[in-house]
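Please look over the model shown here. The report that follows takes up its backbone, sheets and helices in turn.

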Amino acid sequence: MAVKVIIPTPLRVYAGKRDSTEVQAGSVGDALAQLTTQFADLKKHLFTEDGQLRSFVNVYLNDEDIRYLAKDKTVTKDGDTVSIVPSIAGGRMG
Amino acid sequence: MASKTEIPVTIAAATPATSLSKDEILRYSRHLIMPEVGMEGQLRLKNAKVLLIGTGGLGAPLGLYLAAAGVGKLGLVDFDVVDFTNLQRQVTFGTSDVGKFKSEAARERLSNLNPAIEIVAYETKLTSENALELFKDYDIIVDGTDNFPTRYLVNDACILLGKPNVYGSIFRFEGQATVFGMPDGPCYRCLYPEPPPPGLVPSCAEGGVLGVLPGIVGSIQAMETIKLLLKTGDSLSGRLLLFDALAMKFRELKLRKNPNCPMCGEHRTIHKLIDYYEFCGVRGEEAPEVNLNVPEITPKELKARLDKGDDLFILDVREPHEFQICNLKGHLIPLGELPRRMHELDSSREIVAHCRSGKRSAEAVDFLRKAGFKKILNLKGGILAWSDEVDPSVPKY
């Protein structure tokens, strides 16, 4: 299934500056696995060391939070969009 | 805590206003002729009290539009001072405000815009100790802050007091907005139970914000605030609005109230305000302070050695767009590219690494020393210190 994954601004630096990518995936977990294979640097920003999705990163299938669907086992179909939405606080320069 | 209050004659402090003066009718005429606002709506605005947390980038359009719209009482919480670099986006302030307290400078500007409303400046940092007291007299709290600890504090205080929290946040070209804390709606902790740990969020090299972005997101917050006050339209509660300015696209995601939320769920486990700096890992938003113990050279020492004709290789580890702002004629290898471009460096020569402030270059020196480079120094304080101590013609940014 061709699934579009939207990469948010703060994480684009770890994804070759891309704002989205297309993967072939049958589930949301599958799509994220493909994504982090394609862009290895993204992995530690999305997952904890034991492979859990980080709590400040939300993942949506189309407009629905996967926590309220079947989480990473949520089935994807052709044309679906997976969005990664991390928490952002502001625009202050460190 | 300093606060200044202007009580206009048209507003009675305790009893709600039931009419508008002739001047007010003229001022708000473009509202009054709209049935969605009308006299009833304008009186709602006049009797409303809104507290703005932060008077910076998001706070600018918020303050300007809410004051212009005739919100009867505006509280402005900010402990910061107007800085020259704020003027690129914080449009409440003028060049002559640099150095003034933001809350007071904003109060002056907004009073000039609308002398018929009450504006209270709170020159204080919002803390777990003062938040409930500050919030209790206001109807709506608007979060225009720029850091995680304050965002969790604003959320929790709003839930404890049962007040709506109009939320907006920005990063570079991207913004988020929603309304938290409505009776049936989610709170910030439903969306993000925990903040990112320090170090996993982008560092200053990837920071920055396009000045118009807070103008757009803050205006959305102002619109949501006014809709809540007018009790009209569809609130963003339960929806997260995402805005990508580069693509110029708005998207909307469903936001659900988490039944297990520790703050607003059925079995609440948080009953009072906590230490939010501890909760967010001390410096929630920024990467942790780098305390790398690497050999350093001061700008003055470097200048003396260069003047003497010593063979020093200057390594600039900033980003290319920063190099264009100003540089010390060094060899540019951004910190992130250092591992794969190490071969460009000659370990037999003495190297001085620098960045803007000395943080990133300390990481570079640490990395290169571990890779076997022995003659390498970090320029203490970076280009900022070079500009202060050696060459003031080098611009600071």
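## Two lysines with positive phi

B:Lys231 is exposed, because 10 other C-beta atoms lie within 10 Å and a residue counts as exposed at 12 or fewer. The structure is a predicted model. B:Lys231 sits in the loop between α9 (212-230) and β7 (239-244) of chain B. Its phi is near 55°, a positive value in a residue other than glycine. Most residues other than glycine have a negative phi.

B:Lys329 also has a positive phi, near 60°, and is likewise not a glycine. Its place is the loop between α12 (320-325) and β11 of chain B. B:Lys329 is exposed, with 6 other C-beta atoms within 10 Å.

## Confidence

The model scores ipTM 0.90 and pTM 0.85. For chain B the mean pLDDT is 91, and 91% of its residues reach 70 or more. Two stretches of chain B need care. Over residues 1-12 of chain B the pLDDT is below 50, although this stretch has 27 contacts in the model beyond near neighbours in sequence. Residues 283-288 of chain B also have a pLDDT below 50, with 21 such contacts.

## The eight-stranded sheet of chain B

Eight strands of chain B make an open sheet. Their order is β3-β2-β1-β4-β5-β6-β7-β8, and the pairing is mixed. Which strands stand at the edges? They are β3 (118-122) and β8 (249-254) of chain B, each pairing on one side only. From one strand to the next, the twist averages 15°.

Inside the sheet, β1 (residues 49-53) and β4 (residues 140-143) of chain B run parallel, joined by four bridges. B:Ile53 has B:Asp143 in β4(B) as its bridge partner. Helix α7 (residues 148-161) of chain B packs on this sheet. α7 touches β1, β4, β5 (165-171) and β6 (174-180) of chain B. The direction of α7 makes about 165° with that of β4(B).

## A helix pair in chain B

Two packed helices are described by the angle between their axes and the distance between the axes. For helix α4 (residues 59-69) of chain B and α9(B), the axes come within 7 Å and cross at roughly 40°. The crossing of α4(B) past α9(B) is right-handed.

Which residues meet here? From α4(B) come B:Gly59, B:Ala60, B:Pro61, B:Leu62, B:Tyr65, B:Leu66 and B:Ala69. From α9(B) come B:Pro214, B:Gly215, B:Gly218, B:Ser219, B:Gln221, B:Ala222, B:Thr225 and B:Ile226. The loop that holds B:Lys231 follows α9 in chain B and leads to β7.

## The five-stranded sheet of chain B

Another open sheet in chain B has five strands, in the order β9-β13-β12-β10-β11, with parallel pairing. Strands β9 (296-297) and β11 (331-332) of chain B stand at the edges. Each has a single partner strand, so one side of each is left without a neighbour in the sheet. The loop with B:Lys329 leads into the edge strand β11 of chain B.

Strands β10 (residues 312-316) and β12 (residues 350-354) of chain B pair in the parallel sense over five bridges. In that pair, B:Asp316 stands opposite B:His354 in β12(B). Helix α14 (residues 359-370) of chain B lies across β12 and β13 (376-379) of chain B. α14 runs at about 170° to β13(B).

## Chain A

Chain A has three helices and five strands. Along the sequence the pattern is β-α-β-α-α-β-β-β. The radius of gyration of chain A is 13 Å, close to the 12 Å that the globule rule gives for 94 residues, so chain A is as compact as a globular protein of that length. Its C-alpha trace spans about 40 × 25 × 25 Å along the principal axes. Among contacts in chain A with a separation of 6 or more, 54% join residues 24 or more positions apart.

How much of chain A is buried? Buried residues make up 37% of its 94 residues. Helix α2 (residues 28-38) of chain A contributes A:Val28, A:Asp30, A:Ala31, A:Leu32 and A:Leu35. These buried residues of α2(A) pack against four strands, β1 (2-6), β2 (20-24), β3 (57-61) and β5 (81-86), and against helix α3 (43-46), in chain A.

Methods:
Residues are numbered from 1 along each chain as its sequence is written. Chains are lettered from A and ligands numbered from 1 in the order in which they are written. This is a predicted model: local features need pLDDT of at least 70, side-chain atom pairs count only at pLDDT 80 or more; totals for chains, interfaces and linings use all residues. A residue is buried if 20 or more other C-beta atoms lie within 10 Å of its own, exposed if 12 or fewer, and partly exposed in between; C-beta atoms are placed from the backbone. Helices (H or I, at least four residues) and strands (E, at least two) are DSSP runs, numbered from the N terminus. Two residues are in contact if their C-beta atoms, placed from the backbone, lie within 7 Å. Two strands pair if DSSP finds at least two bridges between them. Axes are lines fitted to C-alpha atoms, for helices over the stretch in contact, and angles run from 0 to 180 degrees between N-to-C directions. The radius of gyration is taken over C-alpha atoms; the globule rule is 2.2 Å times the number of residues to the power 0.38. pLDDT is the predictor's confidence in each residue, from 0 to 100. A crossing is left-handed if the near helix is turned anticlockwise from the far one by less than a right angle, and right-handed if clockwise.
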